[in-house]
Amino acid sequence: MSGSILIVDDEKGQRDILSAILSKEGYEIAAAPGGREALEELERGEFDLLLTDLKMQGMSGMELMERVLADNPGQCVIMMTAHGTIDSAKTAIKMGAFDYLEKPLERDDLILTLQRAFEKINLLKENRVLHKRLAETKMLPNMIGEHPKMMEVARMINKIAPTSTTVLIYGESGTGKELVARAIHDGSPRRDKAFFAINCAAIPDSLMESELFGHEKGSFTGAGTREIGLFEAAEGGTVFLDEIGEMNIAMQAKLLRAIQEKEIRRVGGKVNIPVDVRIISATNKDLEQETRKGAFREDLFYRLNVIRITLPPLRERGNDILTLANFFLKKYSESSGITLKGISKPALKILLEYSWPGNVRQLESVIERGVLMAESDYIQPEDLPAEVHHEAEPAGSLPFEFPVGGISIDELERDLIIKAMQRADWVISKAAPLLGMSYKTLQYRLEKFGIGKPE
């Protein structure tokens with residue numbers, strides 16, 4: 001048996017006997033001659049169980065227990081009592097003691113009572129650990145899926161949300177990067193303050209600085225009034241910079257300064273304005289590769305990349321495709337007033353086999369269309385758009401004529417794969433949708449044909 005016990009008794013002989021018996025049973029033992037000393041021991045460290053005499057000089061066992069349970073309601077306490085004070089011991093149980101032992105102590109009774117106590121203690125410990133794990137991995141209100149990769153994302157969000165550290169989210173378009181950023185904000189002490197999102201790819205370079213930092217009246221043509229930017233508007237809250245990899249180098253330098261100095265200067269302004277915002281950024285680019293190419297500042301990358309969260313593409317999330325499809329079915333059935341019972345098995349098979357280059361956003365769009373097009377109680381294959389069917393081209397529609405000597409299917413496939421990989425900068429996840437293949441199928445084909453990125 002293992003566990004720690006604090007023995008409290010004002011009789012040294014009793015403390016020594018109990019210490020010897022229980023040490024032999026494998027328990028870690030500490031002893032105190034009275035209540036005051038016991039409280040000092042409990043301040044220095046934790047004990048699984050408190051084994052205390054009821055009647056002692058100075059502080060009684062009952063008073064000691066009351067004080068201990070006031071600080072730590074989960075503390076396990078066993079009372080030792082003489083025959084004449086059994087009623088008091090029963091009162092102690094009502095007040096929170098686990099059990100009592102009557103003096104003189106019987107060794108077997110002592111061991112059995114402690115075994116029962118430690119069964120309860122260990123059960124409570126396991127329960128606390130389980131609750132902690134559940135709290136760490138609980139899915140967030142706006143994120144759906146039970147794939148281990150998504151559970152890891154949820155665990156990270158729950159862990160880092162309460163901090164103020166900067167976060168960089170990696171993921172293909174449509175994987176839900178803004179949902180993750182919102183979940184981090186909603187789980188943080190900043191949740192009652194503003195959350196602003198900006199897509200760096202959608203704002204012209206000439207307007208980006210004004211969008212983020214604001215401008216003074218007359219600072220450029222059309223600036224008729226003073227405007228504050230997102231950083232000032234989000235004071236105390238969170239700014240989400242989506243597609244950060246698209247920001248130009250000059251603007252990157254200004255963003256880096258704002259993060260380092262915690263202050264901004266409006267366009268055309270002369271005063272530095274202190275700001276308190278949490279920065280969360282996202283990208284579908286490999287920023288480390290971009291820094292090597294000189295397209296992204298290395299110092300800014302390290303500032304943004306304190307915590308990295310990588311969102312898996314939908315094609316790698318297995319049955320989450322079905323979970324999400326059913327969620328979107330319910331959502332759009334309710335909003336459109338069209339009652340459907342579900343998605344037919346042939347349609348589900350098509351959804352599972354498709355590579356989803358547009359990820360969750362594309363799946364949502366496909367299901368919304370399916371709900372509107374359905375003519376029965378279930379979404380059928382014909383209700384899904386042609387893009388997810390992998391339908392063969394009609395005969396005679398191939399854009400070339402057969403040569404006289406015929407063709408080699410293997411060579412044609414090899415050439416197509418190389419062409420797709422070149423188009424996708426040798427990134428398998430981007431080339432697979434071009435060929436209508438899953439990630440794993442393309443990986444297998446690359447190995448089969450011995451195709452590798454040229455040095």
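This is a short talk through one predicted model, going from its parallel sheet to its pocket, its cavity and a few unusual backbone spots.

Okay, hi everyone. Keep in mind throughout that we're looking at a predicted model.

Let's start with the open sheet. It has five strands, the order is S2-S1-S3-S4-S5, and the pairing is parallel. Which strands stand at the edges? Those are S2, residues 28–32, and S5, residues 99–102. Each of them has a single partner strand, so one side of each is left without a neighbour in the sheet. On average, and ignoring direction, neighbouring strands here are turned by 20° against each other. As a bit of background, strands of a sheet pair through backbone hydrogen bonds, and that can be parallel or antiparallel.

Now zoom in on one pair. Strand S1, residues 4–8, goes with S2 through five bridges, in the parallel sense. If you want a spot to click on, take Ile7, whose bridge partner in S2 is Ala31. Packing on this sheet is helix H1, residues 12–24, which touches S1, S2, strand S3 (49–53) and strand S4 (76–81). The direction of H1 makes about 170° with that of S2.

Stay with S4 for a moment, as Val77 is found there. Is Val77 buried or exposed? Its relative accessibility is 0%, and the cut-off for buried is under 20%, so Val77 counts as buried. Who's around it? Leaving out neighbours within four places in sequence, Val77 is in contact with Leu50, Thr52, Met65, Leu69, Ala97, Phe98 and Asp99. And to get a feel for distances, go from Val77 to Ala431: that's 354 residues in sequence and 65 Å in space, C-alpha to C-alpha.

Next, Thr113, which has its place in helix H5, residues 107–137. Thr113 is buried too, with a relative accessible area of 8%. Setting aside neighbours within four places in sequence, the contacts of Thr113 are Ile78, Phe98, Asp99 and Leu101.

Between S5 and H5 there's a loop, and Pro104 lies in it. Have a look at the peptide bond from Lys103 to Pro104: it's cis, with omega near -5°.

On to another set of strands. Strand S6 covers residues 167–170, and Val167 and Ile169 point one way while Leu168 and Tyr170 point the other way. All four of those are buried. In general, side chains in a regular strand alternate between the two faces of the sheet. What does S6 pair with? One partner is strand S11, residues 278–283, in the parallel sense over four bridges, and Val167 stands opposite Ile280 there. S6 is also joined to S12 by four bridges, again running parallel, with Tyr170 opposite Thr310 in S12.

That brings us to the pockets. The largest pocket has a volume of about 840 Å³. Which residues are closest to its centre? Out of 32 lining residues, they are Asn284, Asp286, Val427, Ser429 and Lys430. Strand S12 (307–310) comes back here: S12, helix H11 (287–293) and helix H17 (428–435) each supply at least two residues of that lining.

How about closed space? Searching the whole structure turns up one cavity of 30 Å³ or more, and the largest cavity holds about 30 Å³ of space. Its lining is Cys200, Ile203, Asp205, Met208, Glu246, Met247, Asn248 and Met251.

Cys200 is a nice link to the cysteines. Cys200 counts as buried, at 3% relative accessibility, and Cys76 is buried as well, at 7%. How many disulfides are there? Zero, in the whole structure.

Last stop, two residues with positive phi that aren't glycine. For Glu243, phi is near 50°, and this residue is in the loop between strand S8 (238–242) and helix H10 (249–261). Asp425 has a phi of about 55° and lies in the loop between helix H16 (409–423) and H17. Which is buried and which is exposed? Glu243 counts as buried, at 11% relative accessibility, whereas Asp425, at 59%, counts as exposed.

That's the tour, so let's open the model up and have a look together.

How values were computed. Residues are numbered from 1 along each chain as its sequence is written. This is a predicted model: local features need pLDDT of at least 70, side-chain atom pairs count only at pLDDT 80 or more; totals for chains, interfaces and linings use all residues. Side-chain values use heavy atoms; hydrogens and water are left out. Buried means under 20% relative accessible area, exposed over 50%, partly exposed in between (1.4 Å probe, protein chains only). Contact means heavy atoms within 4.5 Å. A disulfide is a pair of cysteine sulfur atoms within 2.5 Å. Two strands pair if DSSP finds at least two bridges between them. Axes are lines fitted to C-alpha atoms, for helices over the stretch in contact, and angles run from 0 to 180 degrees between N-to-C directions. On a 1 Å grid over the protein atoms alone, a cavity is a set of points where a 1.4 Å probe fits but cannot get out, and a pocket is an open set with protein on both sides within 12 Å along at least five of seven lines; lining residues have an atom within 4 Å of a point. Grid points are joined across faces, edges and corners, and a volume is the space filled by probe spheres set on the points.
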